[in-house]
Amino acid sequence: IIGLLIKVCVDASRGGGFFAQTRAWFGRPALWLGCIYFGGMVVRYLLRMQLVPEARWFGGTIPIVFHCVLASFIIIFARAYLARSASCK
């Protein structure tokens, strides 16, 4: 996943490559995927707080927070991608 994020950042900074090209079919599914991913991590966190109360608030939540960061990256990328593709029309 980190390698893919690096590829996205490199393509965006160079202005060329697979992720720098605007495609009509790519932006919306990426945005939905990011939102579902983020929502899933929120549900995971809430379930963990209910099922493992002794780990309340910070015990074992680092992976959940990291996944929220990854989901946020996807959401930000998709929104920027959609904005760029709308301005290219």
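How much space lies in the largest pocket? In this predicted model, the volume of the largest pocket comes to about 250 Å³. The pocket is lined by 13 residues, of which Leu4, Leu5, Val8, Ile74 and Phe77 are the closest to its centre. Three elements, namely α1 (2-14), α2 (27-51) and α3 (62-87), each give two or more residues to this lining, and the largest share, four residues, is supplied by α3. With respect to chemical character, the lining of the largest pocket consists of 13 nonpolar residues, with no polar and no charged residues among them.

Two residues named in connection with the pocket centre, Val8 and Phe77, also belong to the largest nonpolar core, where they are joined by Phe19, Phe26 and Tyr81 to give five residues in all. In soluble globular proteins, nonpolar side chains tend to be buried together. Within this core, Tyr81 is in contact with Phe19 and Phe26; when residues up to four places away in sequence are not counted, the other contacts of Tyr81 are Gln21, Thr22, Arg23 and Gly27.

A further buried position is found in the loop between α2 and α3, where Thr61 is located. Thr61 is classed as buried because its relative accessibility is 5%, whereas the cut-off for this class is under 20%. With residues up to four places away in sequence again left out, the contacts of Thr61 are Tyr45 and Met49.

Note on methods:
Residues numbered from 1 in each chain as written. Predicted model: local features only at pLDDT ≥ 70, side-chain atom pairs only at ≥ 80, totals over all residues. Heavy atoms only, no water. 1 Å grid on protein atoms, 1.4 Å probe; cavity = no way out; pocket = protein on both sides within 12 Å on 5 of 7 lines; lining within 4 Å. Points joined across faces, edges and corners; volume = space filled by probe spheres on them. Nonpolar A, V, L, I, M, F, W, Y, C, P; charged D, E, K, R; others polar. Core = buried A, V, L, I, M, F, W, Y, C linked by side-chain atoms within 4.5 Å. Buried < 20%, exposed > 50% of the residue type's maximum accessible area, 1.4 Å probe, protein only. Contact = heavy atoms within 4.5 Å.
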